[in-house]
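These are my notebook entries on a structure I went through sheet by sheet before turning to its enclosed and open spaces.

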Amino acid sequence: PGNWMHLVPALSRMSGPSIRVMPPAEAAPGALDAPMAQPQTGRNPAELATAERPDGPTRIPRGLLTRKYLVLSAIADHTYLDTVMEILAAAGDLRDFALLTTRTSEVAQQNLREVAVERGLGAEFPLHFALPSPRVAALPRDLASAVTEAAAETERSVLCSHSHDPALQAVWRYVLPMMMRGLHKLFGSALYVEQYFRSLLTAGRFEQLTVSPGRNMEMRIAVRVASEIGLRSLDVQAGMISATRRYRRPLAKHCAVIDQVHREIYVKYFGLPAEQITVVGAARIDRRLRPLRARFSVAKAPMLKLRIGVDPAEKLLVLATQPIEFEKLGDILAVCLNGLRPGWTLLVKPHPSEPAENCARYMAIAACRGGGQRFIADHEVNIYDAILAADCVATYFSTVALEALGLSKPVLIIDPFNVPPKLDFASKGVGTRVRSAAALGEELDGIASHQDAAGVVIADDLTMLRDGQAGQRIVDLIRNAK
């Protein structure tokens, strides 16, 4: 419980009966083993089992306990699923591996069954396991007492600060109990997860724990427990991160990152020792680009241009935008429109989280600047069709830059600002920084006369985005980490 004491000041009093553990989820038939340790609340274990766990202890599937390498992930998100699938596809003997997820989906289950069948293990091979359904453990008495005291102080402080406004006080009296009950439940859930992983990792024969992503509550608790019992741990970067408070310092002993841009964030922002970080490439990008690399040829580019509404005789500049202030997006678009050369068409592909009306706003800007005839803004176009059809890909700091590089496309970083972007890809050679329309025109002229972007010499760590071996490098770290 000391691992979460920093949460106590944010918790408040919870009225009513103490939280009880919810019934455990059903485990797979014939796969029960190793009951989970009972929570330590200072009471007699027999009394605890009767009072708090009438359903008996959670049991852990036997298949989990016999593996060497445990991969923990939240594969409801395809970013994480692609990363995990690439790791498992690269593993030699899957009988050494087990995948434990916080959530799952039918798509994930089917993909995992296919991997097992490909390796001759059969569709029923227990490769994937899921964490038990979320439940709440009873808090130890000393911790529950601390939570209650902190809750009372929180309530006094909040109400005192609004003593001049009876209406606002009334609102807070209504809202505070609900907020604090939710936080109290979260605290109890974290305690349950800690108990589950302590039982699992001490009962099993694991030699290594891999988490992806490492920032979820369950992952951080599992890594902390692994560290306490001396088990090696690896945090595999799945998606993009930035030097902002949204992302937390990894707890794993070793980290596998996508490129030097992110390695620098791990060292300078998170403060991790450089020797604990290995650049491996992007398993997620490899997973998505492999079939594209196999099917695509330059001869197919004109057909793809037709599919997305571009004249095959035109050169195509694709601009991948991001959900940032529209004023900034307008400045970036202005550079592209003003620098566009004759014979080029500009296609803007908005980020999926951008509002749909942004397309109309982009079209309006283009019409005002007289570039409407050679301009398309399309929220629905497939980004990979756009990249493959493109003669050049531009962005500010979108991950599309890495995917375009992986598909051997010239990449331009449109940066008309004085403040570096959150992910400064240009500084690490992913693309060429362009600050003005004149500079963009010069780059487009050069690209039009030299089409072989695949032949451009790039840094060693960036070749990892093209060679399709990120999964194998991660597996090597898993098997050989010290």
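**Entry 1: the six-stranded sheet**

I began with a single bridge and found that Ile-414 has Val-434 as its bridge partner in S15. I keep in mind throughout that this is a predicted model. The two strands concerned are S14, residues 411-414, and S15, which I find paired in the parallel sense over three bridges.

Stepping back, I looked up the sheet to which this pair belongs, and noted an open sheet of six strands in the order S12-S11-S10-S13-S14-S15, with parallel pairing. Its edge strands are S12 and S15, the latter covering 432-434, and each of them pairs on one side only. When direction is ignored, neighbouring strands of this sheet are turned by 25° against each other on average.

**Entry 2: strand S11 and its neighbours**

I then asked how S11 is tied to the strands beside it. With S10, residues 315-320, strand S11 pairs in the parallel sense over six bridges, and within this pairing Leu-347 of S11 is the bridge partner of Val-318. With S12, residues 375-377, strand S11 again pairs in the parallel sense, here over three bridges, and Leu-347 stands opposite Ile-376 in S12. I therefore record Leu-347 as a residue with a partner in the S10 pairing and one in the S12 pairing, the general background being that strands of a sheet pair through backbone hydrogen bonds, either parallel or antiparallel.

The connection between S10 and S11 was worth a separate check: together with helix H11, residues 326-339, these two strands make a right-handed β-α-β unit.

Is strand S11 enclosed by the rest of the structure or open to the outside? Six of the six residues in S11, which spans 344-349, are buried, and so I note this strand as largely enclosed by the rest of the structure. In a regular strand the side chains alternate between the two faces of the sheet. I accordingly checked each face of S11 and found both covered, with Trp-344, Leu-346 and Val-348 buried on one side and Thr-345, Leu-347 and Lys-349 buried on the other.

**Entry 3: the seven-stranded sheet**

Another open sheet has seven strands, ordered S5-S4-S3-S6-S7-S8-S9, with parallel pairing. Its edge strands, each pairing on one side only, are S5 (128-130) and S9 (277-279). Inside this sheet I looked at S7, residues 232-236, and S8, residues 254-257, which pair in the parallel sense over three bridges; Asp-235 stands opposite Cys-255 in S8.

**Entry 4: the cavity and the pocket**

How many cavities of 30 Å³ or more does a search of the whole structure find? I found one, and the largest cavity has a volume of about 140 Å³. Its lining comprises 14 residues, those closest to the centre being Gly-214, Arg-215, Asp-235, Ile-241 and Tyr-266. Asp-235 thus returns from the previous entry, where I had it opposite Cys-255. By class, the cavity lining divides into eight nonpolar, three polar and three charged residues.

The largest pocket has a volume of about 1000 Å³. I count 34 residues in its lining, and Met-240, Pro-323, His-351, Ser-398 and Thr-399 lie nearest its centre. Helices H3 (78-90), H9 (283-295), H13 (383-389) and H14 (400-406) are the elements that give two or more residues to this lining. The residues of the pocket lining divide into 15 nonpolar, 11 polar and eight charged.

Key: Residues are numbered from 1 along each chain as its sequence is written. This is a predicted model: local features need pLDDT of at least 70, side-chain atom pairs count only at pLDDT 80 or more; totals for chains, interfaces and linings use all residues. Side-chain values use heavy atoms; hydrogens and water are left out. Buried means under 20% relative accessible area, exposed over 50%, partly exposed in between (1.4 Å probe, protein chains only). Helices (H or I, at least four residues) and strands (E, at least two) are DSSP runs, numbered from the N terminus. Two strands pair if DSSP finds at least two bridges between them. A crossover is right-handed if, with the strands pointing away from the viewer, the path from the first strand over the helix to the second runs clockwise. On a 1 Å grid over the protein atoms alone, a cavity is a set of points where a 1.4 Å probe fits but cannot get out, and a pocket is an open set with protein on both sides within 12 Å along at least five of seven lines; lining residues have an atom within 4 Å of a point. Grid points are joined across faces, edges and corners, and a volume is the space filled by probe spheres set on the points. Ala, Val, Leu, Ile, Met, Phe, Trp, Tyr, Cys and Pro count as nonpolar, Asp, Glu, Lys and Arg as charged, and the others, Gly among them, as polar. Axes are lines fitted to C-alpha atoms, for helices over the stretch in contact, and angles run from 0 to 180 degrees between N-to-C directions.
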